[in-house]
Amino acid sequence: MMGISGGSMNALLTAGARMEQASMQGRAANNVRANANILRSEIKQDAGRGASVEKKEKALEEMEKQADAVESTQFSSLSEVKKSVEQAAEINRQEAKEEAKKAEKKQEEKAKEKKAEETKEEKVTNDKALDETVNEVQETEKISVEHVDVLL
């Protein structure tokens, strides 16, 4: 079987890099969400004590927007991973088709060579048989001529 080509290797490397990038984006989004949860708890505590929570609510809103944006970017990265993997698969399919065509062509050439060799061997065999037949006829004629000479 064939190995991985340069084109599919590049596509797989790209997929790997994008996968790592998506993983980092996921961790970042999780960290922002964790910090948002902490801030949410602080807002509840502060509201329970009667303290002003407007600044923290604005900060929480920004954190949630930031987490959403990072997750959206992560999904884009994962979409690119999928495209890269599909591209690598398509490259491999195309190369497999080309390899199969080459193998088929090579097999056809070998079959033609074998047929030509068989035809050549058959011709040599026929030529030998013809030579033997000619020699037998000549020998028969020679014997017949000698026999005729003796009778006269």
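**A walk along two helices**

Visitor: Let's start with glutamate 61: what does its relative accessibility make it count as?
Guide: Keep in mind that this is a predicted model. Buried would need under 20% relative accessible area, and exposed over 50%. Glutamate 61 sits at 45%, so it counts as partly exposed.

Visitor: Which side chain meets glutamate 61 in a salt bridge?
Guide: Look along helix α2, four residues away, about one turn of the helix. The partner there is itself partly exposed, with a relative accessible area of 49%. Nitrogen and oxygen come to 3.7 Å in this salt bridge, and the partner is lysine 65.

Visitor: Lysine 83 forms a salt bridge too, but with which residue?
Guide: Both ends lie in helix α2, this time three residues apart, again about one turn of the helix. Lysine 83 has a relative accessible area of 47%, so it falls in the partly exposed class. Its partner, at 29%, is partly exposed as well. With the closest N and O atoms 3.6 Å apart, that partner is glutamate 80.

Visitor: And arginine 27, which side chain does it meet in a salt bridge?
Guide: Arginine 27 is partly exposed because its relative accessibility is 43%. The acidic end of the bridge is also partly exposed, with a relative accessible area of 43%. At 3.7 Å from N to O, the cut-off of 4 Å is satisfied. The side chain at the other end belongs to glutamate 20.

Visitor: How many salt bridges does the count come to?
Guide: The rule asks for a Lys or Arg side-chain nitrogen within 4 Å of an Asp or Glu carboxyl oxygen. The arginine 27 to glutamate 20 pair, at 3.7 Å, is one that fits. By that rule, the count is 13.

Visitor: Turning inward, which helix gives the most to the largest nonpolar core?
Guide: That core has five residues: Ala36, Leu39, Ile43, Val53 and Leu60. Three of the core residues come from one helix, spanning residues 6-49. The top contributor is therefore helix α1, going by the DSSP runs numbered from the N terminus, and its share is three residues, from helix α1.

Visitor: Is serine 84 buried or exposed?
Guide: Serine 84 has its place in helix α2, residues 54-151. Leaving out residues up to four places away in sequence, it touches Ala11, Thr14 and Ala15. Its relative accessibility is 5%, and the buried class is anything under 20%. So serine 84 counts as buried.

Visitor: What percentage of the chain's residues count as buried?
Guide: The fold comes to two helices and zero strands. Serine 84 is one of the buried residues, at 5% relative accessibility. Out of 152 residues in the protein chain, the buried share is 14%.

Visitor: How much of the exposed area do carbon and sulfur atoms supply?
Guide: One nonpolar surface patch, made by Met19, Phe75 and Leu78, takes in about 290 Å². Methionine 19, from helix α1, is partly exposed because its relative accessibility is 43%. The protein chain as a whole exposes about 12,100 Å², and the carbon and sulfur part is 54%.

Visitor: Last one: what share of the contacts with a separation of 6 or more joins residues 24 or more positions apart?
Guide: Serine 84 touching Ala11 is an example of a contact between residues distant in numbering. For the protein chain, the share at 24 or more positions apart is 77%.

Key:
Residues are numbered from 1 along each chain as its sequence is written. This is a predicted model: local features need pLDDT of at least 70, side-chain atom pairs count only at pLDDT 80 or more; totals for chains, interfaces and linings use all residues. Side-chain values use heavy atoms; hydrogens and water are left out. A nonpolar core is a set of buried Ala, Val, Leu, Ile, Met, Phe, Trp, Tyr and Cys residues joined through side-chain atoms within 4.5 Å. Buried means under 20% relative accessible area, exposed over 50%, partly exposed in between (1.4 Å probe, protein chains only). Contact means heavy atoms within 4.5 Å. Accessible areas come from the Shrake-Rupley method with a 1.4 Å probe; for residues, only the protein chains shown count as cover. Patches are made of residues with over 30% relative accessible area and no salt bridge: like charges are joined within 9 Å, nonpolar side chains (Val, Leu, Ile, Met, Phe, Trp, Tyr) within 5 Å.
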